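Good morning. I have one chain to show you today, and I will keep it brief. Please look at the model first.

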Amino acid sequence: MSVALAWLLQRSPDILLVPGTSSTTAHLRENIAGAGLSLSPEDMTEPDHISH
């Protein structure tokens with residue numbers, strides 16, 4: 001989930017993420033970790049291929 005959030009944030013600076021965090025504090029930590037990840041150009045293209 002962290003990588004997915006990082007991918008979305010790097011894909012567009014105008015995106016607003018509202019991930020659910022009501023279930024556990026571990027889920028909240030996972031979301032926060034995603035905001036801190038820096039993905040390589042190769043990492044950024046992989047999800048693009050999955051979605052097509």
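I will start with the whole chain, then go to one helix pair and two residues.

What you see is a predicted model. The mean pLDDT of the chain is 75, and 71% of its residues reach 70 or more. If we go element by element, helix α1, residues 2–11, has the highest mean pLDDT, at 80. Helix α3, residues 41–50, has the lowest, at 76.

Now the overall layout. There are 3 helices and 0 strands in this chain, so reading from the N terminus you get α-α-α. The chain has 52 residues, and buried ones make up 15% of them. About 3,900 Å² of the chain is exposed, with carbon and sulfur atoms supplying 61% of that area. As for contacts, take those with a separation of 6 or more: 68% of them come from residues 24 or more positions apart.

Next, the helix pair. Two packed helices are described by the angle between their axes and by the distance between those axes. At what angle do α1 and α2 pack? The angle is about 40 degrees, and the axes are 7 Å apart. Angles under 35 degrees would count as roughly parallel, and roughly perpendicular starts at 65, so α1 and α2 are oblique to each other. The crossing of α1 past α2 is right-handed.

Which residues meet there? From α1 we have Ser2, Leu5, Ala6 and Leu9. From α2 they meet Glu30, Asn31, Ala33, Gly34 and Ala35.

Let me pick out Gly34. This glycine sits in helix α2, which covers residues 25–36. Is Gly34 buried or exposed? Its relative accessible area is 0%, and buried means under 20%, so Gly34 is buried. Leaving aside neighbours within four places in sequence, Gly34 is in contact with Ser2, Leu5, Ala6 and Leu9. Val3 and Gly34 are 31 residues apart in sequence, yet their C-alpha atoms are 5.7 Å apart in space.

Last, a residue outside the helices. Where is Ile15? You will find Ile15 in the loop between α1 and α2. Its relative accessible area is 33%. That value falls between the 20% and 50% cut-offs, so Ile15 is partly exposed. With neighbours within four places in sequence left aside, Ile15 is in contact with Leu8 and Leu9. Leu9 also appeared in the list for Gly34.

That is the end of my part.

Note on methods: Residues numbered from 1 in each chain as written. Predicted model: local features only at pLDDT ≥ 70, side-chain atom pairs only at ≥ 80, totals over all residues. Heavy atoms only, no water. Helix = DSSP H or I, 4+ residues; strand = E, 2+ residues; numbered from the N terminus. Buried < 20%, exposed > 50% of the residue type's maximum accessible area, 1.4 Å probe, protein only. Contact = heavy atoms within 4.5 Å. Areas by Shrake-Rupley, 256 points an atom, 1.4 Å probe, with all protein chains shown as cover. pLDDT = per-residue confidence, 0-100. Axes fitted to C-alpha atoms, helices over the stretch in contact; angles between N-to-C directions. Parallel < 35°, antiparallel > 145°, perpendicular 65-115°, else oblique. Left-handed = near helix turned anticlockwise from the far one by under 90°.
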